[in-house]
There are 2 protein chains.
Amino acid sequence: MAQRTGTTGSHRAAPEHTHPGDVPVQTALAALADPVRLTLVRELAGSAEWSRACGSFDVPVGKAALSHHFAVLRGAGIVEQRDEGPKRVNRLRRDEFEARFPGLLELVLREDRRQDRRED
Amino acid sequence: MAQRTGTTGSHRAAPEHTHPGDVPVQTALAALADPVRLTLVRELAGSAEWSRACGSFDVPVGKAALSHHFAVLRGAGIVEQRDEGPKRVNRLRRDEFEARFPGLLELVLREDRRQDRRED
DNA sequence: GCGAGTGTATGGTTTTCATCGAACAGTCGG
DNA sequence: CCGACTGTTCGATGAAAACCATACACTCGC
């Protein structure tokens, strides 16, 4: 056996993924209806695939909570994770998620630019 | 003063509405990420405008909770309400909401037909 | 193999939210 | 004006979810 899963040989359990096609709308909406996860998704969208490790995001929570949030995003079919050495790198499942929930991802991302204007 | 607000003269405080344009994505997503509210929206989508009073929906909750759910939907700019005699009738803000969150409403409604197949 | 770096799992606290029951406010028909 | 009907408000309860601190598991460079 030369290599198993990851880029380098990893003896760690690969993270369980849920395909977007198996995700109920409600789960997807709930996953995105959280400020921390929304930030993760947006930052992730602005980075190259597999370029961001879990700990590299700027969110105001401890690593335990952070790990939990990534588990939720994984369970909602929004992100894919892969072990790369000691770190776990991420990727937005843009196309697959888009196929399942057309426009949804684009919607929360567009909101990023729009931000919180609206002073009226 | 001849008449004030409603169809018939109503001396009741008109419900406070939030325009979809003033709604953060997060609020919209959270509002739709609930089974009861999702049912309300879907049933509402299948009915003529202003044809459904709050109490006419088939959801397994008491009227206190139901009233709360409608308040949430109102606050998310998803429904509009108007007093008509003793009852409060509803309307989906299809176009306005669509303008603010393109595709979102259609997404949760399409899911209605799709339902829970996916046995595979 | 040690130790630093990274992420997960566990246990317990706090917050948030859906829900109910009961009391209240309006509307309408007698 | 009374009583049926409809919906809101209030206070309390229970469940779910976010969070932290700690302890653990794995990778890698030395």
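Take chain B, turn it by 179 degrees with 0.0 Å of shift along the axis, and it lands on chain A with an RMSD of 0.0 Å (a least-squares fit on the C-alpha atoms of residues with pLDDT of at least 70 in both copies). That is the relation of a two-fold axis. The same surface serves both copies, as 100% of the contact residues of chain B recur in chain A (contact being heavy atoms within 4.5 Å).

A quick word on ground rules: this is a predicted model, where local features need pLDDT of at least 70, side-chain atom pairs count only at pLDDT 80 or more, and totals for chains, interfaces and linings use all residues. Residues are numbered from 1 along each chain as its sequence is written, chains are lettered from A and ligands numbered from 1 in the order written, and side-chain values use heavy atoms, with hydrogens and water left out.

Now to the DNA, beginning with strand C. There are 26 residues around DNA strand C, and those that come nearest are A:Ser67, A:Arg88, B:His11, B:Gly62 and B:His69 (a residue is near a strand if one of its heavy atoms lies within 4 Å of it). Of the atoms of DNA strand C that come within 4 Å of the protein, 78% belong to sugar and phosphate. Some polar contacts (pairs of N or O atoms within 3.5 Å) show how phosphate oxygens of this strand are met. A polar backbone atom of A:Cys54 sits 3.0 Å from one, and a backbone N or O atom of A:Gly55 is 2.9 Å from one. From the other chain, B:Arg37 uses a side-chain N or O atom, 2.9 Å from a phosphate oxygen of DNA strand C. The elements giving two or more residues to this surface are α3 (63–75) and β3 (87–92) of chain A, plus α2 (35–45) and α3 (63–75) of chain B (helices are DSSP runs of H or I with at least four residues, strands are E runs of at least two, numbered from the N terminus).

On to DNA strand D. It has 25 residues around it, with A:His11, A:Gly62, A:His69, B:Lys63 and B:Ser67 the closest. Here sugar and phosphate make up 74% of the strand's atoms within 4 Å of the protein. Phosphate oxygens of DNA strand D lie 2.5 Å from a backbone N or O atom of A:His11 and 2.6 Å from one of A:Gly62. B:Ser67 brings a polar side-chain atom to 2.4 Å from a phosphate oxygen of DNA strand D. Two or more residues each come from α2 (35–45) and α3 of chain A and from α3 and β3 (87–92) of chain B.

Note on methods:
Polar contact = N/O pair within 3.5 Å; in protein donor to acceptor, adjacent residues only side chain to side chain.
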